[in-house]
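Colleague: I'd like to go through this one with you and ask how each label was earned. Can you put it up on the screen?

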Amino acid sequence: MCHPEPFDSLRSLRTSGVEGCEFDAIVVGLGALGSGAAYWLAKRGARVLGLEQFEFGHARGSSHDWSRIIRKSYFTPAYVRLAKEAYAAWYALEADAGEQVVYKTGGLDLGPYDGAISLAAYADSMRTCGVDFEELDAREIRKRWPVWQIGDDVHGLFQPDSGIVAAERATAALRRTAIALGAELRDRAPVTAIDTNGGEIVVEAGAERYRAKKLILAGASWTPQLLGHFGMRIPFEVTKEQVMYFKARDLDGFAFGSFPIWIWMDDPSFYGFPVFGEAGAVKITQDCGGKPVDPDTRDFEEDREITARVTEFVGRRLPAADGPVVRLKTCLYALTPDRDFIIDTLPEFPNVSIAVGGGHGFKFASVIGRILSDLALDGRTDSDLSALTIGRPILQMSDPPKTYML
Ligand SMILES: Cc1cc2nc3c(=O)[nH]c(=O)nc-3n(C[C@H](O)[C@H](O)[C@H](O)COP(=O)(O)OP(=O)(O)OC[C@H]3O[C@@H](n4cnc5c(N)ncnc54)[C@H](O)[C@@H]3O)c2cc1C
């Protein structure tokens, strides 16, 4: 256990470089991404401190609830390759944690041939990367999963490796394993000041302060506040999303193992799961249907407009799921304008790295954690981050166009 510097010595610590508690890396934010970083840093033998402003596993950010979709089906080869790396990184965690967190049940991307999201880019990217998938017409989709009420104007891509990451359990497993490997993780420790001191980082959290060689920012919806410590701003939006659990009339039609995770590729876009986590209910909702909020003042109330859109979709396309909503949870999307991640070091602070998951990052938390450990410990990574830099043109615009669909 490393003892923090007392609060009133920060000034002398900065100026005289007083010996104190030193870490190789400090991770700010212990949702899925920060917990992933803490795990990989500890796995690589680094002295790591993780600081989380709320209690571990809280429901005020982006990583809570039972499930997240994991899939290799993505619209660019770069994301498909990253998804392949994510599976490998989750399997490394499963081996270290002694716990399964990835559950394959197959995945179906489907929508109208002339829908707002073309499936062609997804198929091309998977082909380029050698990912197994099938192209299905509406007849085949109805035959395999009779709960779908779709006409012949709909088609789909089925990918057998898709499935679910058990979200809360996976994040807890990342933290637990990080601790077992030597990491120090603290909750209720909001980082309120960050200073760079001749290449060294000094972080203030509550009444305590810590020194480290490297800093990792994984604050998701609080990214603007964290970047503010470095005089940086990027265009950024936080939305309050909600997921709904329907007590399906025909539960067997949505059984885990036979019914896939699915994404309705149109505008609006919807997605859903087989029965998983919440007994006797299926999770279905709209992607990116929420309104902008401030993460510190947001409420946790139902968004009736999302409820109306999702209920209408369920009644029309999946009437077998159309029962009472037995649980409704809210959650934040932390969105860059192009919805692409940020995984990079800060241009003027090479000892500071940042990751933002853009509302689809959970499946990648394992590999993003590994990449963040690469950046912190090696100063480089073999993973392709070329489209995910913080310096990309759209993040320099004051009023960039938004492309929130995936
Ligand atoms: C409804 C919903 C459905 C989703 N579905 C999917 C899906 O199916 N598949 C998928 O891959 N992704 C999905 N996502 C996205 C995914 O869940 C997120 O990208 C991911 O959880 C982000 O993790 P994070 O660690 O970046 O964020 P968070 O979990 O929000 O963690 C950030 C943490 O930083 C902490 N923090 C911030 N500032 C400070 C500070 N100053 N000091 C200390 N701590 C601080 C916060 O308290 C927070 O705990 C979904 C998200 C939502 C909301």
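Colleague: To start with, how many salt bridges does a search of the whole structure find?

Modeller: The search turns up 34 salt bridges. Keep in mind that this is a predicted model.

Colleague: Take Asp65 and Lys329, then. What makes that pair a salt bridge?

Modeller: The closest N and O atoms of Asp65 and Lys329 are 2.5 Å apart. The cut-off is a Lys or Arg side-chain nitrogen within 4 Å of an Asp or Glu carboxyl oxygen, so 2.5 Å qualifies Asp65 and Lys329 as a salt bridge.

Colleague: And which parts does the pair tie together?

Modeller: Asp65 sits in the loop between strand E3 (48-51) and E4, while Lys329 belongs to strand E19, so the pair ties together parts 264 residues apart in sequence.

Colleague: Why is Asp65 called buried?

Modeller: Its relative accessibility is 3%. Buried means under 20%, so Asp65 at 3% counts as buried.

Colleague: Where do Lys72 and its salt-bridge partner Asp161 lie, and how far apart are their closest N and O atoms?

Modeller: The closest N and O atoms of Lys72 and Asp161 are 2.7 Å apart. This pair links distant parts of the chain: Lys72 is in the loop between E4 and H3, and Asp161 is in the loop between strand E8 (154-159) and strand E9 (163-166), 89 residues apart. Lys72 has 12% relative accessibility, so Lys72 counts as buried.

Colleague: What about Glu312 and Arg316: what separates them along helix H8?

Modeller: They are four residues apart in helix H8 (residues 304-317), so about one helical turn separates them. Their side chains meet in a salt bridge at 2.9 Å, N to O.

Colleague: Why are Glu312 and Arg316 called partly exposed?

Modeller: Glu312 has a relative accessible area of 43%, and Arg316 also comes out at 43%. Partly exposed is the range between the 20% and 50% limits, so both residues get that label. Elsewhere among the salt bridges, shared partners join Arg44, Glu85, Arg370, Asp374 and Asp378 into one network.

Colleague: Now Arg71. How do you know that Arg71 has no salt bridge?

Modeller: The nearest side chain of opposite charge, Asp109, is 5.3 Å away. A salt bridge needs N and O within 4 Å, so Arg71 has none, although Arg71 is buried.

Colleague: What polar partners does the Arg71 side chain have in its loop?

Modeller: Arg71 lies in the loop between strand E4 (67-70) and helix H3 (77-97). A polar atom of its side chain is 2.8 Å from the backbone oxygen of Ser73. The side chain of Tyr74 makes a polar contact with that of Arg71 at 3.5 Å. Beyond its sequence neighbours within four places, Arg71 is in contact with residues including Tyr87, Tyr122, Gln159 and Lys363.

Colleague: On to the ligand. Which residues come nearest to the ligand?

Modeller: Of the 34 residues around the ligand, Glu52, His58, Ser63, Cys331 and Lys363 come nearest. An N or O atom in the His58 side chain is 2.6 Å from a ligand oxygen. A polar side-chain atom of Arg68 is 2.8 Å from a ligand oxygen, and a polar backbone atom of Leu33 is 3.0 Å from one. Taken alone the ligand exposes 1000 Å², of which the protein buries 96%.

Colleague: Which element supplies the largest share of the shell around the ligand?

Modeller: That's E19, with three residues. Helix H2 (32-43), E4 and strand E19 (325-335) each supply at least two.

Colleague: Leu33 came up there. Why is Leu33 called buried?

Modeller: Leu33, in helix H2, has 12% relative accessibility, so Leu33 counts as buried. The C-alpha atoms of Leu33 and Ala365 are 4.7 Å apart, with their positions 332 residues apart along the chain.

Colleague: Last one: what makes Arg392 buried?

Modeller: Arg392 has a relative accessible area of 8%, and buried means under 20%, so the label fits Arg392. Arg392 lies in the segment after helix H9 (365-378), and a polar atom of its side chain is 3.0 Å from the backbone oxygen of Thr389. Leaving out neighbours within four places in sequence, Arg392 contacts residues including Asp338, Asp340 and Phe341.

Note on methods
Residues numbered from 1 in each chain as written. Predicted model: local features only at pLDDT ≥ 70, side-chain atom pairs only at ≥ 80, totals over all residues. Heavy atoms only, no water. Buried < 20%, exposed > 50% of the residue type's maximum accessible area, 1.4 Å probe, protein only. Lys, Arg positive; Asp, Glu negative; His and termini not counted. Polar contact = N/O pair within 3.5 Å; in protein donor to acceptor, adjacent residues only side chain to side chain. Contact = heavy atoms within 4.5 Å. Near = heavy atom within 4 Å. Areas by Shrake-Rupley, 256 points an atom, 1.4 Å probe, with all protein chains shown as cover.
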